[in-house]
Amino acid sequence: MSLRQRLSGIVAALRGSSMPPAKEGHTSTTEQIEKMSSESEVESKKRVEVTPLDRLQAVVDWMDKNMLLILTIAAVLIGLGLGFLGRLLDLSPQSIMLITFPGEILMRLLKMFILPLVTSSLITAMAQLDVRSSGRIGFRTLTYYAVTTILAAIVGITLVLTIHPGDPKIKNIIITPSMEETKFSTLDALLDIVRNMIPENLVQACFQQVQTSYIKKKVIIIGNMNQSDHVLEPILVYKDGMNVMGLIIFCITFGVIAGQLGSKGKLMVDFFIVLNEIVMKFVGIIIIWFAPFGIMCLIAGKIMSIVNLAATAQMLGLFMITVLLGLSIHGIITLPTIFWLLTRKNPAVFFRGMMQAWITALGTASSAVTLPITFKCVEENNKIDPRITRFVLSVGATVNMDGTALYEAVSAIFIAQINALPLGIAEVITVSLTATLASIGAASIPSAALISMLLISTTLGLPTDDISLLLAIDWILDRIRTSVNVLGDGYGAGIVYHLSKTELEKMDEERRLQELETGSLLKDTSDKCQDEIVSDDQQISETKI
C-alpha cells in the first residue's frame, strides 16, 4: 500500500467515510483501526465488569480498614440501649458501679498518658521548627481559636434570645439544691490564668493548679469589744487537677531553646521524639481497642444513674434543644464553612477521618482525655504534619472551648430569663466576652463549665444557686459540647497545616541542604584522614628502605 493510500485511509477513517478499496492480500488502514478500537472496547468491558465477589471483597476491605470506627459507633448504640434497659430493671447502685467500672478503667488509662503525651509532643514539635515559623504557626492557631470561640458564643446568644427557653415557673417546679456561698471575681479569674501559665513548681503543676479563694476572717470592731464582724479575705489555694496551661508554656519554651542548640540539644530532642513514639504506640495497641467497650459501659452506667429522667427532660427540654441546636449549627455549618473557605477542601472528608476521636469525646466528655486518639486520627487518617498537630491539638485541648463558650452564654441568659431579669445590649456583650474568657480558662476536664459558670453569674449579678438547675442535664450536654471542641481542634490543625505548608516545605529543604553539607564535610574529612594515613605509611616504608 502506497503512502498516499495510507494517508487517504486515515483521513477517511477520521471523517467516517468509506476508503477506496485496497489491493488484494493487504489489510486496509480502516480495518486495522476498527480492529484496534474493538479490542480496546473489549478490554475496557472486561475491566468494568465487577463480579459479586469483588464487591464483597471491597466491603470486607473497608470494614477491615474502619473496624475500630464501626466498633465505637456500635458501642455507643449498645450503651444507649443497655442504659434504658437497665432503668427498667431498677438496678442497685452497686450493680451500676460494676457496669461503669470498665469505663472508669478507660478514663484512668487515657488520663495516665496526658502528661507524657503533651510534654513529648510539644517539645518535639517546637524543636523541629525555627523561631520565626513557630511564631507564625502560634499566631494562626490562637487567631483561629479566638475567632471560632467568639462565633460560638454569638450563635448561642442569638438562639437563646430568639427561642427564649427560660420560664420563671421552672424554679417553682424543680427543687434547686443549695450551693455553697462563694465569691468570684473576673479579675481574680484572669490573674489565676496568668499565675497558672507560670507555675512555681513543675512537679506540682502535674497534678495541681492555683486558684483564688475567699475565707471568712473574724474582725473585732474597735471601740466596742463585744461586737465583731466577718470579712472575706482572698488567699491562693491549690486545687486538684493538672495545670495544663503551665506545662504547655514550659514545653513550648523548652522545645524552642532545644531546637536552637542544634547538635548540642539533639540528644534531648531525640529522647522526647522516642518518648512520643512509645506513647502513641501504646495508645494504638492497648487503649484504642479497649475504648469501644469502655465507652459502652460509661454511657450505659450514666443513663442508669439518672434520677427522674422524664421530669427533667420535660422541664428543661427547651433549654436542651437550644444548646443542641447551637452546637449543631457551630459543628455542621460554622466550622466546616471556615475550613472550606481557608483550605478549599471537602470538610466532610476531613470529618470522616476525625470520627473516631469525635465519638470518643462523646463517651469520655474530656478533650484532654481524647487527645491521644485525636493525634492518631488527624495524623494517620487526614495526613496532617505531626509538627503541626503536636502543637495545635495540645494547645487546643486547653484553649479551644467553642462548645463550652456557647453553653455558658446560653446558660447565663437562661438563668436571667427564669429570674425575669431583663438584659440590655451591654449585658449581652458582657456575656459574650466573659463566656469566651471563661471557656479559655476552663480546665479540659468533665463538667468544668459549671465552675466557670459561677464566674459569669457573679459578673452579671445573677443568683449562683440557679446553676444547680443545670446539674441534672449537664452530663449529656457536656459530652456533646466536648465533641464539638475536639472537632474544632481537628479543623484547626487542618487549617493551620494548609496555611503553613509552604514554610514547612522550605524548612525541609533547608534541613536537607544542611544534611548534604554535613555529609560532604564528613566525607572530605574522612578522605583527608585516609590520605594522611597513606602518606604516613609511605614515609614509614621509605624510612625502612
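Let's start with Arg344. Arg344 is exposed, because its relative accessible area is 55% and the cut-off for exposed is over 50%. Keep in mind that this is a predicted model.

Where does Arg344 sit? It is in the loop between helix H13 (309-343) and helix H14 (347-364). Now look at its backbone. Phi of Arg344 is near 55°, a positive value, and Arg344 is not a glycine. Most residues other than glycine have a negative phi. Next, its side chain. Which ring does Arg344 lie over? The face of Trp340, at 4.3 Å from the ring centre.

There is another arginine over a ring. Arg481 lies over the face of Tyr407. The distance to the ring centre there is 4.0 Å.

Back to positive phi. Ala365 has a positive phi too, of about 60°, although it is not a glycine. Find Ala365 in the loop between H14 and helix H15 (371-381). Is Ala365 buried or exposed? Its relative accessibility is 3%, so Ala365 counts as buried; the limit for buried is under 20%.

Let's zoom out. The protein has 21 helices and 2 strands. How many residues are there? There are 545, and 42% of them count as buried. The accessible surface comes to about 30100 Å². Carbon and sulfur atoms hold 63% of that surface. Now the contacts. Take those in the protein with a separation of 6 or more. Residues 24 or more positions apart account for 82% of them.

On to the database record. An unreviewed UniProt entry lists residues 68-89, 109-129, 141-163, 242-261, 282-304, 316-342 and 354-375 under "transmembrane region". Let's check two of these spans in the model. Residues 68-89 are 100% helix and 0% strand. The end C-alpha atoms of that span are 31 Å apart. Now take residues 354-375. That span is 73% helix and 0% strand. Its end C-alpha atoms lie 10 Å apart.

Next topic: aromatic rings. How many aromatic pairs does a search of the whole structure find? It finds 12. Here is one of them. The ring centres of Phe113 and Phe282 are 4.9 Å apart. Why is the pair called tilted? The planes meet at 40°, so the pair is tilted; tilted pairs fall between the limits of 30 and 60 degrees. This pair links distant parts of the chain. Phe113 is in the loop between helix H5 (93-112) and helix H6 (114-127). Phe282 is in helix H12 (residues 266-304). They are 169 residues apart.

How covered are these two? Phe113 is buried, with a relative accessible area of 10%. Phe282 counts as partly exposed, at 33% relative accessibility.

Phe290 and Phe293 form another aromatic pair. Centre to centre, the distance is 6.2 Å. The angle between the planes is 55°, and this pair is tilted. Phe290 and Phe293 are 3 residues apart in helix H12, so about one helical turn separates them. Phe290 is partly exposed, with a relative accessible area of 24%. Phe293 counts as partly exposed as well, at 42% relative accessibility.

And which residues form one aromatic cluster? Phe250, Phe254, Phe271 and Phe272.

Now a polar residue. Thr119 is found in helix H6. Thr119 is buried, with a relative accessible area of 15%. What lies 3.1 Å from a polar atom of the side chain of Thr119? The backbone oxygen of Pro116.

Last stop: Met453. It lies in helix H19 (residues 448-460). Its relative accessible area is 0%, so Met453 is buried. What is Met453 in contact with, leaving aside its neighbours within four places in sequence? The list is Glu408, Ser411, Ala412, Ile415 and Ile467. Pick Ser411. Along the chain, Met453 and Ser411 are 42 residues apart. In space, their C-alpha atoms are separated by 7.9 Å.

To recap with two residues: Arg344 is exposed, in a loop, with a positive phi. Met453 is buried, in helix H19.

Methods
Residues are numbered from 1 along each chain as its sequence is written. This is a predicted model: local features need pLDDT of at least 70, side-chain atom pairs count only at pLDDT 80 or more; totals for chains, interfaces and linings use all residues. Side-chain values use heavy atoms; hydrogens and water are left out. Helices (H or I, at least four residues) and strands (E, at least two) are DSSP runs, numbered from the N terminus. Buried means under 20% relative accessible area, exposed over 50%, partly exposed in between (1.4 Å probe, protein chains only). Contact means heavy atoms within 4.5 Å. Accessible areas come from the Shrake-Rupley method with a 1.4 Å probe; for residues, only the protein chains shown count as cover. UniProt positions are given in the numbering used here, feature names are shortened, and annotations may be inferred rather than shown by experiment. Rings of Phe, Tyr and Trp (its six-membered ring) pair if their centres lie within 6.5 Å; planes under 30 degrees apart count as stacked, over 60 as edge-to-face and the rest as tilted. A charge sits over a ring if NZ of Lys or CZ of Arg is within 6 Å of the ring centre and within 35 degrees of the ring normal. A polar contact is a pair of N or O atoms within 3.5 Å; within protein, one must be able to donate a hydrogen and the other to accept it, and residues adjacent in sequence count only if both atoms are side-chain atoms.
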